[in-house]
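The following exercises concern a single protein chain. Please examine the sequence and the structure before reading each solution.

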Amino acid sequence: MCATEATETSASLEVIEEEPFLPALEHAVSIVVPAFNEGPHVAEQMRKISAVMRGTGWEYEILVVDDGSTDNTGEAALSEGVRVLRNRRNRGYGASLKRGIGAAHHPWILIIDADGTYPAAAIPDLLEQADGSEMVVGARITAHRKIPLIRRPAKWLLTSLASYLAEEKIPDLNSGLRLIRRDLVEMYRHLLPSGFSFTTTITLAASCDDHEVVYVPIDYLERKGTSKIRPGHAVDFTMLVLRIIVFFNPLRVFIPLGLTMAALGLAKFAYDLTLQNISESALLGLLGALIVWSVGLLADQNARIARRP
């Protein structure tokens, strides 16, 4: 082999090695449906899911996790011939998902709510994107989305903050309709909370760790029944976003914070010069910036060590 051919072969091998290798999984999916007091709606949603899945060619099972409901949620789901797991008490959205995923039989996991807000008709669109992906998210970005107006500012703020911190455009941070490789869930199981933040956490973890995430536009229908989301959850979501980003990419938090403190300190220093009297607050601002940056560097080092294979 001549030198030129050897060089070309080496270059082509390098290109191949840089491409992510995602082994194809069999087309078999476990559909996990967390449900709390959804007795009036769960049976209809199960019928819609079953009807859609029969036309996909995928092997599937449906697991409803009755999260300590006080109505007939479990019985209504059982009437449609699906598997039902029952929590003795209300343990939370994330806890129910983790229990359902732990009991699932298939390599793909699809999560969807029982209240009918996420259309079962969108499931085939997600399944079509399975090959070559690790997570496929149904993004509520179409014109036909029924998100309450009161939630939109907080949702936009959280999504914008998460996109900045993750250094990646995230169209929908906490969609409850998504297809996930089961091994991806297991990889981050120790980080996944028991509350509504389950979806937010796995979105950020997958994005920050460079997993193959695909977003598919879906409609979001008007909710039947009463929402379980409360205004106070917005604060919880914000703290969660910051906590997850500090775990995966701490410099995205600590560098801007240090720059802000340094800018305030320099501004106060410049003002003090006009008065010919240097104040303690200017020095504290600059010293605080150095401390924040030092903590950020240590956090970044710890994060890299913790995630080292």
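The expected span of a helix is 1.5 Å times one less than its number of residues. The structure used in these exercises is a predicted model.

**Exercise 1.** Determine whether the end-to-end distance of helix α10 agrees or disagrees with its expected span.

*Solution.* Helix α10 covers residues 251-275, which is 25 residues. At 1.5 Å a residue, α10 should therefore span 36 Å. The C-alpha atoms at its ends lie 36 Å apart, so the two values agree. Immediately after α10 comes Gln276, whose phi is positive, near 55 degrees.

**Exercise 2.** Identify the buried residues of α10.

*Solution.* A residue is taken as buried when its relative accessible area is under 20%. In α10 this selects Val253, Phe254, Gly258, Ala262, Gly265 and Asp272.

**Exercise 3.** Describe the largest nonpolar core and state which helix gives the most to it.

*Solution.* This core holds 38 residues. Those that touch the most other members are Val32, Met135, Ile170, Leu173, Leu204, Val241 and Ile245. Helix α8 (residues 198-208) gives the most, with six residues. Leaving aside residues up to four places away in sequence, Val241 touches Leu158, Leu161, Ala162, Leu165, Leu173, Thr200 and Leu204. Another core, of 34 residues, lies apart from the largest one; Val64, Ala77, Tyr118 and Ile123 are among its residues.

**Exercise 4.** Summarise the chain as a whole.

*Solution.* Begin with secondary structure: the protein chain has eleven helices and seven strands. Next, consider burial: 46% of its 309 residues are buried. Finally, turn to the surface: the chain exposes about 16,100 Å², of which carbon and sulfur atoms supply 59%.

Terms used
Residues are numbered from 1 along each chain as its sequence is written. This is a predicted model: local features need pLDDT of at least 70, side-chain atom pairs count only at pLDDT 80 or more; totals for chains, interfaces and linings use all residues. Side-chain values use heavy atoms; hydrogens and water are left out. A nonpolar core is a set of buried Ala, Val, Leu, Ile, Met, Phe, Trp, Tyr and Cys residues joined through side-chain atoms within 4.5 Å. Buried means under 20% relative accessible area, exposed over 50%, partly exposed in between (1.4 Å probe, protein chains only). Helices (H or I, at least four residues) and strands (E, at least two) are DSSP runs, numbered from the N terminus. Contact means heavy atoms within 4.5 Å. Accessible areas come from the Shrake-Rupley method with a 1.4 Å probe; for residues, only the protein chains shown count as cover.
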